[in-house]
Amino acid sequence: MLYRRALTREMGLTTGAVLTVLIAIALVILFIRLLGDVARGELANEAVFAFLGFSLLYFLPVLMTISLFAGVLMPLSRMWRDSEMVVWFNAGLSLAQWLRPVLAFALPFSLVILLLTLALNPWLQGKKNEYRDDLKARSESALIAPGLFAESSAGERVYYVESLNPLTGIVRNVFMQSRIDGQLGLVVAREGNHTELPDGSRYLVFKQGRRYEGTPGRLDYRVVEFERYWMRLDPVATGGRDINIRQKPAGDLLADPTPAARAELLWRLGVPLSALVLAVMAIPLSFVNTRARRSYGLVTALLLYFVYNNLLSLTQAWVAQGRFNPWAGMASAHFVMLLAAAALFYWRGRRYGLRWRRT
């Protein structure tokens with residue numbers, strides 16, 4: 001029991017550390033991408049952190065799979081480098097006996113991944129789309145960013161503001177171009193803000209400015225000075241929400257005989273299964289030649305992970321295209337990798353004289 005407790009503790013610490021680093025990297029990358037969407041006017045400022053959470057949770061099962069793989073591989077590799085494995089083998093342990101503590105650690109981790117892929121992520125994808133539709137139906141002023149030209153969803157208005165007070169919502173030095181019934185209008189105002197009346201109607205209120213109306217190329221422009229200029233914001237019709245295949249719960253996917261539904265179910269079940277298979281493969285891949293003080297196991301592990309991930313993606317695409325039987329596609333990639341794991345166990349045990357049963 002001593003080696004199990006020591007290995008489980010070290011695997012837990014390593015997996016947690018790797019997962020923390022991967023989440024931090026993913027947050028930075030996703031945050032930069034979302035800031036780019038905000039700068040282009042494709043996303044409202046207040047939606048950044050909500051979409052950041054949605055995106056992170058969507059990628060979390062893959063991050064957890066990588067963390068589990070590294071969390072098993074790295075402690076075992078350290079034990080090889082420090083010759084601890086030699087001590088354990090001389091004490092009567094076999095290579096196969098490391099399966100039990102590794103699987104005991106990996107199984108709860110894989111169940112959490114299964115819960116994410118089957119239940120939580122589809123629900124979150126639905127909430128994300130609802131939130132996106134709600135943002136589209138909200139005021140156009142939510143898309144206005146200081147120092148950038150922003151176009152309304154219908155393409156009838158273009159806004160530019162010099163500065164924005166995030167506490168009061170008041171913008172300074174406003175420029176707006178609008179086209180209503182073929183008539184081009186320009187509004188220049190000192191400041192403006194968004195106002196919602198008790199009946200639910202929304203308006204942009206410009207203060208202390210001018211409105212120019214006319215046809216480009218002609219001199220008969222009409223100039224109107226105003227203290228306040230109210231412009232009605234019509235709600236954006238988002239239409240009916242199309243339910244994406246990624247939003248469907250597992251029960252609906254089981255009842256749906258279409259190839260796309262089968263392919264999505266294959267992916268949701270394949271990610272937690274791959275986490276278990278990779279955890280098992282990490283045992284023989286962790287071998288380090290203590291004399292040479294180097295190991296090609298980490299490079300091999302990285303290549304095997306990419307091969308495994310590509311096999312899952314390839315079989316999912318073939319199933320979605322109707323070129324592959326769903327259940328055969330679900331089993332093929334995992335079966336190939338399990339055969340590879342068995343071959344690695346056999347090769348390590350035969351080449352280095354590691355016993356497979358207690359003596």
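The following questions and answers concern burial, packing and aromatic pairs in a predicted model.

Local features in this predicted model need pLDDT of at least 70, side-chain atom pairs count only at pLDDT 80 or more, and totals for chains, interfaces and linings use all residues. Residues are numbered from 1 along each chain as its sequence is written, and side-chain values use heavy atoms, with hydrogens and water left out.

Me: Which helix gives the most residues to the largest nonpolar core?
Reply: A nonpolar core is a set of buried Ala, Val, Leu, Ile, Met, Phe, Trp, Tyr and Cys residues joined through side-chain atoms within 4.5 Å; buried means under 20% relative accessible area, exposed over 50%, and partly exposed in between (1.4 Å probe, protein chains only). The largest core has 55 residues, and L68, V72, W98, M281 and L285 have the most contacts inside it. Helices, which are DSSP runs of H or I with at least four residues, numbered from the N terminus, supply at least two residues each in the case of α1, α2 (48-81), α3 (84-90), α4 (99-137), α6 (259-285), α7 (297-320) and α8 (326-351). The helix that gives the most, with 14 residues, is α2.

Me: How many residues are in the second, separate core?
Reply: This core includes Y159, V187, A189 and Y229. Its number of residues is 12.

Me: Which residues are in contact with M281, leaving aside its neighbours within four places in sequence?
Reply: Contact means heavy atoms within 4.5 Å. M281 is one of the residues with the most contacts inside the largest core. Beyond its sequence neighbours, M281 touches L304, M337, A340, A341 and L344.

Me: Is K128 buried or exposed?
Reply: K128 lies in helix α4 and, apart from neighbours within four places in sequence, is in contact with F51, F54 and S55. Its relative accessible area is 15%, so K128 is buried.

Me: Why is the pair of F105 and F109 classed as it is?
Reply: Rings of Phe, Tyr and Trp (its six-membered ring) pair if their centres lie within 6.5 Å; planes under 30 degrees apart count as stacked, over 60 as edge-to-face and the rest as tilted. F105 and F109 are both in helix α4, 4 residues apart, about one turn of the helix, and both are buried. Their ring centres are 6.3 Å apart and their planes stand at 20 degrees, so the pair is stacked.

Me: What is the angle between the planes of Y305 and F306?
Reply: Y305 is buried at 12% relative accessible area, whereas F306 is partly exposed at 44%. Their rings form an edge-to-face pair, with centres 5.8 Å apart and an angle between the planes of 65 degrees.

Me: Which residues do ring pairs link into a cluster?
Reply: The count of aromatic pairs comes to 7. Ring pairs make a cluster of F206, F226 and Y229.

Me: What is the phi of N173?
Reply: N173 is in strand β3 (residues 171-180), a strand being a DSSP run of E with at least two residues. With 37% relative accessibility, N173 is partly exposed. Although N173 is not a glycine, its phi is positive, at about 50 degrees.

Me: What phi does Q208 have?
Reply: Q208 belongs to strand β5 (residues 202-214) and is partly exposed, with a relative accessible area of 45%. Q208 is a residue other than glycine, yet its phi is positive and near 55 degrees.
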